[in-house]
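Biologist: Could you walk me through this model and tell me what stands behind the words you use for it?

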Amino acid sequence: MDSDHEMDVDAVDETKRSYIALLSVPTDKITVVPGASTDLTSMTFSIKDEDHTLGNSLRWMIMQNPRVDFCGYSIPHPSEAKLHIRIQTHSTSAVRAMQEGIDDLNSVCGLVKAKFSKRVAEMKN
């Protein structure tokens, strides 16, 4: 392993691991679709190379935020590999609601993975 370019991800704490994961995300993965409100409480985000799997999970997670009035997603066209997610909020920006939704979904996925791994280990014994 070339220590200048790689690291043992398991040895890094969770906060740093999340940051490291973000470094591998292309800068054009998420974009804002034109038409956002001037106060930034309503926006539509376009996420490349994603589908209903992320769309429905992220929509549900964002809707758990009490400052979110509406969140919905669509796949603009079946032949396009992108997802649109619309967020309307009060007392926070749509960008903040998206960030919190992604963080919360990541936490839930981590918990599910940990519980699954634990159960698999128990079954092997």
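Here is a conversation about how the labels for this predicted model are earned.

Biologist: Let's begin with the overall layout. How many helices and strands does the chain have, and in what order do the elements run?

Modeller: The chain has three helices and four strands. From the N terminus on, the order is α-β-β-α-β-β-α.

Biologist: How do you know how far to trust the coordinates, in terms of pLDDT?

Modeller: The chain averages a pLDDT of 85, and 80% of the residues score at least 70. Confidence is highest in β3, at 98, and lowest in helix α1 (residues 14-23), at a mean of 51. Over residues 1-12 pLDDT stays under 50. Where pLDDT is low, the predicted coordinates should not be read in detail. I would treat the nine contacts beyond four places in sequence that the model has for residues 1-12 in that spirit.

Biologist: Fair enough. What makes β2 and β4 a pair?

Modeller: Two strands pair if there are at least two bridges between them. Strand β2 (residues 42-48) and β4 have seven, in the antiparallel sense, so they qualify. You can follow this on the structure: Ser42 stands opposite Gln88 in β4, and Met43 stands opposite Ile87 in β4.

Biologist: And what makes β3 and β4 a pair?

Modeller: The cut-off of at least two bridges applies again. β3 and β4 have six bridges, also antiparallel, so they count as a pair. Here Phe70 has Gln88 of β4 as its bridge partner.

Biologist: Why are β1 and β3 said to stand at the edges?

Modeller: The order in the sheet is β1-β2-β4-β3, in an open sheet of four strands with antiparallel pairing. β1 (30-33) and β3 (68-74) each have a single partner strand, so one side of each is left without a neighbour in the sheet. From one strand to the next, the twist averages 25 degrees.

Biologist: Why is His84 called buried?

Modeller: Buried means under 20% relative accessible area. His84 has 19%, so the label applies. This residue is found in strand β4 (residues 82-89). Leaving aside neighbours within four places in sequence, the contacts of His84 include Val33, Phe45, Tyr73 and Pro76.

Biologist: What fraction of the chain is buried?

Modeller: Buried residues make up 22% of the 125 residues. As for the surface, the chain exposes about 8,900 Å², and carbon and sulfur atoms supply 56% of it.

Biologist: Now the helices. How do you know that the length of α3 agrees with what its residue count should span?

Modeller: At 1.5 Å a residue, the 31 residues of α3 should span 45 Å, and the end C-alpha atoms of α3 are 45 Å apart, so the two agree.

Biologist: Which residues of α3 are buried, and what covers them?

Modeller: Ala94, Ala97, Met98, Gly101 and Leu105 are buried in α3. The cover over the buried residues of α3 includes β2, α2, β3 and β4.

Biologist: Where do α2 and α3 lie with respect to the strands?

Modeller: Helix α3 (residues 94-124) lies across β1, β2, β3 and β4, running at about 45 degrees to β2. Helix α2 (residues 52-63) lies across β2, β3 and β4, at about 175 degrees to β3. Angles between N-to-C directions run from 0 to 180 degrees, so 175 degrees means that α2 and β3 point in nearly opposite directions.

Conventions:
Residues numbered from 1 in each chain as written. Predicted model: local features only at pLDDT ≥ 70, side-chain atom pairs only at ≥ 80, totals over all residues. Heavy atoms only, no water. Helix = DSSP H or I, 4+ residues; strand = E, 2+ residues; numbered from the N terminus. Buried < 20%, exposed > 50% of the residue type's maximum accessible area, 1.4 Å probe, protein only. Contact = heavy atoms within 4.5 Å. pLDDT = per-residue confidence, 0-100. Expected span 1.5 Å × (residues − 1). Areas by Shrake-Rupley, 256 points an atom, 1.4 Å probe, with all protein chains shown as cover.
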